[in-house]
Each structure stands twice: as structure tokens, then as C-alpha cells.
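User: Can you walk me through this structure? I have a few quick questions about it.

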Amino acid sequence: AFLMAVYFRGMDDDETLWLTQSMLHSGDVVDLSCIPGIKTDKHSTGGVGDKTTLIIGPIVAACGVPVAKMSGRGLGHTGGTIDKLEAIPGFRTNLTAQEFTENVRDIGLAVAGQTGNLAPADKKFYALRDVTGTIENVSLIAASIMSKKLACGTDAIVLDVKTGSGAFMKTVEQAKALAGKMVEIGRGAGKRVTALITEMDRPLGLAIGNALEVMEAIKVLKGQGPEDLKEVSIELAANMLMLGGKGDLEHCRKLALQAVSNGSAFNKFTQMILRQGGDPAVAEDPSRLPWAPVQAEWRAEKAGYIQSMQAEKLGAASLALGAGRKTKSDSIDPAAGIVLVKTTGDRVEAGEPLAVLHTSDKTRVDAAIEILRDSLLVSDEPAEQRPLILGFV
Ligand code: URA
């Protein structure tokens with residue numbers, strides 16, 4: 001009855017904050033007070049090809065602002081940071097609360113799965129929302145996300161609210177409404193919070209799938225990699241640095257770029273891998289990551305300009321190749337996924353490769369290509385692209 005009442009009547013900002021705080025205090029709250037400085041966290045509402053945490057965490061930590069990040073696993077067409085990190089041989093994401101805190105204290109960076117019993121009331125609410133058709137309420141979504149973020153105990157949070165076909169929030173207006181609610185909750189709880197609204201009609205970068213995304217993140221940390229991924233990563237990192245007290249946004253953008261160009265972010269990534277039990281040689285030699293035995297090309301049927309390659313469908317095709325899970329208990333193939341050769345806005349000729357599909361099971365290729373075909377719109381006119389950063393709260 002409560003959920004239905006909220007769904008139909010909405011909640012004001014105070015009510016939303018009170019619900020968040022009740023859920024937050026229903027379980028453990030991580031205590032990071034023993035670590036000096038402004039501890040930062042970042043949260044993405046989920047997208048396709050979104051490997052920004054692997055890039056931003058090391059950049060921000062290399063600039064001297066501690067990053068304490070608890071992440072989730074992928075479900076459906078969206079990936080999860082924990083699955084990506086676990087593609088690195090030996091990498092442990094199941095840190096104890098003590099290990100998590102010690103790593104943040106000692107090297108300024110930890111990325112782990114949820115430790116302890118964080119916001120258990122949210123899990124019960126979420127299950128009830130699922131069966132009562134009340135998931136899609138902006139206050140309930142904001143309270144759910146923020147109760148878990150606040151339980152992680154950081155002082156500052158940068159929210160990346162994705163919008164478009166591959167995102168939970170399909171329109172910019174919906175994304176802004178969610179961002180506004182989450183920022184209000186964070187401020188009401190005494191935290192420093194900003195939110196960026198970012199593009200997710202198209203995937204971020206060219207790689208989709210766990211090991212493939214780690215490889216692409218390493219490229220960006222080495223100063224290479226796709227421009228869109230670089231731009232969004234630097235913008236998010238700069239916001240974290242700003243909240244972490246490193247100066248205005250313009251200055252923080254420069255700091256983030258410097259951390260990449262002088263190699264300190266790359267070194268920090270290697271340090272994190274070592275500290276969490278992974279093979280640090282992966283950073284220098286990504287061929288040590290899992291590599292799928294089957295690679296198949298998807299080729300263009302006609303010439304033209306790519307108007308769209310819908311992110312949601314690309315995520316679904318990657319899932320069909322084995323990179324994701326349909327239900328929580330499914331296992332995943334860390335090597336599976338897609339590397340785009342062409343992306344939205346590009347010109348393509350008939351017969352040219354659009355993407356390379358990676359999988360351990362060649363019987364999955366046809367079904368994935370079927371989904372990919374459906375994702376693609378090619379026409380004679382050059383495509384208009386909207387900016388990657390669509391708003392700021
Ligand atoms: N993610 C969450 O954690 N909660 C929601 O309600 C929706 C997305």
C-alpha cells in the first residue's frame with residue numbers, strides 16, 4: 001500500500017530524504033573516517049560499454065583524492081564494473097570491509113563488490129517494487145540508489161546519469177529529474193554531490209564485454225583509446241577532483257589530463273591490480289587477459305552514414321555472445337563481446353566490417369548478428385550527433 005501510494009502521489013524532497021535515511025540505516029554504514037582527505041565515489045546509472053570507473057578511479061587517486069568505490073555486477077543489457085575487473089586474472093573484488101578501508105588508506109583506491117550488509121531494506125523494497133509494478137518512480141529510484149551510495153561512507157559523490165536507448169532513463173528530462181532528486185538527497189545528507197547527464201543512445205567507446213572493456217580502459221590510461229570515452233572519463237574525473245577540493249572544474253580537467261599524460265594514472269591502475277590480487281602484468285600486456293577462440297565479422301549490407309547503432313541492442317547482442325547474464329545466477333564468459341569498427345556518425349561502404357564479435361561458442365554468432373542488424377540505421381544523409389554531456393546538476 002505504501003509503494004502504491006508513493007507511486008501515484010509522489011514524495012516531496014523531505015519525504016524522499018527520510019525514506020533514504022531509513023533505508024541507509026537499516027544495515028551497516030562503512031566508516032572511512034580513519035582516512036584523511038575528502039573520500040570520493042562515483043555512480044553510473046548503468047549503460048553499455050561504460051568502463052569509466054576503471055579509468056576514473058586511477059586518475060582521481062593519482063591526483064591525491066581518495067576513491068572508495070563499491071560496484072555491482074551486470075544484469076541484462078548493461079555491464080557491471082565487478083565483472084569487468086574479474087576478467088583480470090586473479091583480481092579479487094570480494095574485499096572485507098577492513099581490506100577495502102586499508103586499500104583506500106594505503107594506495108588511495110579500492111573498487112570492490114558490496115561489503116557487509118549495506119541498506120538491506122532497499123533489497124526488500126526493490127523486490128516488492130518489482131512485483132507491484134512500482135519500480136518506475138523517480139523518488140523510489142533515487143532513494144534506492146542513494147541509500148546504497150551513502151552507506152559506502154564517502155564524503156563526495158559524482159553521479160553519472162545516463163540517458164538514451166541503452167539507459168534506464170530514456171529521455172533527458174527523466175534523467176534530469178532523477179539527477180535532481182539524487183543531488184537533493186545527497187546534499188540533505190550532508191554530502192558533496194554533483195550529477196552529469198550523459199549520452200547513452202550510443203555505447204561509450206568501441207568495446208563491449210568484460211575483458212574487451214578492460215583492454216580499452218588500459219588504452220585510455222595510456223593516452224590512447226576512443227575520444228568519446230576519454231571525454232566522458234575526464235569530465236567525471238574532473239568533477240570528482242573538484243568535489244575533492246582540488247580547485248575549479250577547469251583546473252581539475254587539467255589535473256585529470258596530466259595524470260594520464262604523465263603515466264601516474266596508469267601506475268595507479270597497476271597498483272590497484274597488484275593490491276587486489278590480480279596479475280599486474282596485464283596493464284603492460286593486455287594479451288594476458290582472456291581472449292575468445294572465435295572472432296566473427298559483422299559486415300554492412302549497404303553504404304551510407306550510420307544514423308544510429310542502438311546501445312540497448314548492442315548490449316543485448318553482447319549478452320547473446322555470452323558476455324552478460326539474463327538472470328542474477330547466470331555465469332558469464334569474460335572474453336565474449338563486441339568491438340565496433342564503425343560507430344554512429346561514421347560513413348560505411350557495403351561489405352565493410354562494422355564490428356568484430358568475440359565468443360567462445362560459435363553457435364551464438366548468428367543470433368547476435370540478428371540483434372545487431374536490428375540496432376543499425378544507415379541512410380544517405382550525414383548523421384547529427386548530440387553532445388556526450390547533456391546536462392549538469
Ligand atoms: N538501481 C537501483 O539501485 N535502484 C533502483 O530503484 C533502480 C536502479
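**Glycine 245 and the salt bridges**

Analyst: Glycine 245 counts as exposed, because its relative accessibility is 54%. Keep in mind that this is a predicted model.

User: Where does glycine 245 lie?

Analyst: Glycine 245 is in the loop between α10 (227-243) and α11 (249-261). Its C-alpha atom is 7.5 Å from that of isoleucine 38, with the two positions 207 residues apart along the chain.

User: Salt bridges next. How many does the structure hold?

Analyst: The structure has 29 salt bridges. One of them joins arginine 386 to aspartate 201, with the closest N and O atoms 3.5 Å apart. Arginine 386 lies in the loop between β12 (376-379) and β13 (389-392) and aspartate 201 in the loop between β5 (192-199) and β6 (207-208), so the pair ties together parts 185 residues apart in sequence.

User: And which residue forms a salt bridge with glutamate 235?

Analyst: Arginine 253, at 2.8 Å between the closest N and O atoms. Glutamate 235 is in helix α10 and arginine 253 in helix α11, 18 residues apart.

User: Is glutamate 235 buried or exposed?

Analyst: Buried, because its relative accessible area is 14%, under the 20% cut-off. Arginine 253 counts as partly exposed at 23%.

User: Which other side chain meets arginine 253 in a salt bridge?

Analyst: Glutamate 250, at 2.7 Å from N to O. Both residues lie in helix α11, three residues apart, or about one turn of the helix.

User: Different topic: at what angle do α1 and helix α6 pack?

Analyst: About 70 degrees, with the axes 10 Å apart. That makes α1 roughly perpendicular to α6, and the crossing is right-handed.

Definitions and conventions:
Residues numbered from 1 in each chain as written. Predicted model: local features only at pLDDT ≥ 70, side-chain atom pairs only at ≥ 80, totals over all residues. Heavy atoms only, no water. Axes fitted to C-alpha atoms, helices over the stretch in contact; angles between N-to-C directions. Helix = DSSP H or I, 4+ residues; strand = E, 2+ residues; numbered from the N terminus. Parallel < 35°, antiparallel > 145°, perpendicular 65-115°, else oblique. Left-handed = near helix turned anticlockwise from the far one by under 90°. Buried < 20%, exposed > 50% of the residue type's maximum accessible area, 1.4 Å probe, protein only. Salt bridge = Lys/Arg side-chain N within 4 Å of Asp/Glu carboxyl O.
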